[in-house]
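Dear colleague,

Please find the structure we spoke of just below, with its sequence. I would be glad if you could read my notes beside it.

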Amino acid sequence: MSVAATRVRTRGRQADGDRPRILLANDDGVNSPGLHALYAEMRKLGQTTIVAPDAERSAVGHAITTLTPLRVKEFRMGRDLAGYAVNGTPADCVKLGVGTLFKTPPDLVVSGINLGGNTATNIIYSGTVSAATEGRILGIPSIAVSLNTFVNPYWDFAARFARQVAREVLKRGLPPRVLLNVNVPNLPAERIKGVRLTRQGESAFVEDFEKREDPRRQPYYWLAGADLTAYQVLPTLHDWGLKV
Ligand code: MN
């Protein structure tokens, strides 16, 4: 083995400066257990810095903040500086992170793990997917990860799978104008059957506004809804020869 090869190998394994740099965002906020599960896995892969909303900003889509200032606070996990909590949207976090908080752009943007799936029409509303979209707009390979449940989340498999996907993306890159929107069933590893590549569908939540009354007897409305409409397999998928 040549000296040069040894040096390259050692450097790649050891020096922090050579590890991939990962920006981790979400829309559930810096205190979300899904973010923490993903952080633990991404740290095994590279130098990972959280830039995420200081509180939940689910379903804000790709909104950005232009009329009020953005405040940034260091976010610690134990004694470590894990990253930054921002009083803005998921897209704000990625924009500010990539352009300002990071000295040079990261190698990868990962968003999640969201509590609740992000498929079909939901993608339009999703802050989780928008964080990845913002990364993609800025020219960085980006992945969104969501867990398909709202109750009793099982983060372990989703976080480990996200690391596998991230490792491949770091190795191979992604085609231009493509991001990965990964949705994981809420199951332990042994019950996951495999991976399917698909495209965005058109199903949506069946939603209703609940009308209630406040303590001053004034009406207010709160969006409620849980079930997705039946998933329609798009005919073109068959033409593509994809398994759906
Ligand atoms: Mn969310």
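The notes below go through the sheet, the helices that pack on it, one loop residue and the core. Please keep in mind throughout that this is a predicted model.

The sheet is open and is formed by seven strands, which follow one another in the order β3-β4-β2-β1-β5-β6-β7 with mixed pairing. Its edge strands are β3 (72-77) and β7 (180-184), each of which pairs on one side only, and neighbouring strands are turned against each other by 25 degrees on average, direction ignored. Within the sheet, β2 (residues 47-53) and β4 (residues 80-86) pair in the parallel sense over four bridges, and P53 stands opposite V86 in β4.

Two helices may be described together with the strands they touch. Helix α3 (residues 90-101) packs on the sheet, where it touches β1 (21-25), β2, β4 and β5 (108-115), and its direction makes about 135 degrees with that of β2. In α3 the buried residues include P90, C93, V94 and V98, and among the elements that cover the buried residues of this helix are β1, β2, β4, β5 and also α5. Helix α5 (residues 127-137), for its part, lies across β1, β5, β6 (142-147) and β7, and runs at about 170 degrees to β6.

A further pair of helices is α2 (33-45) and α6 (residues 155-172), which pack with their axes 9 Å apart and at an angle of about 40 degrees. Because angles of 35 to 65 degrees fall outside the roughly parallel and roughly perpendicular ranges, α2 counts as oblique to α6, and α2 passes α6 in a right-handed crossing. The residues of α2 that meet α6 include A37, L38, E41 and L45, and those they meet in α6 include W155, A159, A162 and A166.

Which residue in the loop between β1 and α2 deserves a look of its own? I would choose D27, whose place is in that loop, and which counts as buried because it has 33 C-beta neighbours inside 10 Å. Leaving aside neighbours within four places in sequence, D27 is in contact with residues including P53, R57, P90, N114, G127 and T128, while D27 and S126, 99 residues apart in sequence, are 8.1 Å apart in space, C-alpha to C-alpha.

Finally, the largest nonpolar core has 41 residues, of which L24, L38, V110 and V145 touch the most other members. With neighbours within four places in sequence again left aside, the contacts of L24 include L38 and V110, as well as L35, M42, I50 and G83.

With kind regards

Note on methods: Residues numbered from 1 in each chain as written. Predicted model: local features only at pLDDT ≥ 70, side-chain atom pairs only at ≥ 80, totals over all residues. Pairing = 2+ DSSP bridges. Axes fitted to C-alpha atoms, helices over the stretch in contact; angles between N-to-C directions. Contact = placed C-beta atoms within 7 Å. Buried ≥ 20, exposed ≤ 12 C-beta atoms within 10 Å, placed from the backbone. Core = buried A, V, L, I, M, F, W, Y, C linked by C-beta atoms within 7 Å. Parallel < 35°, antiparallel > 145°, perpendicular 65-115°, else oblique. Left-handed = near helix turned anticlockwise from the far one by under 90°.
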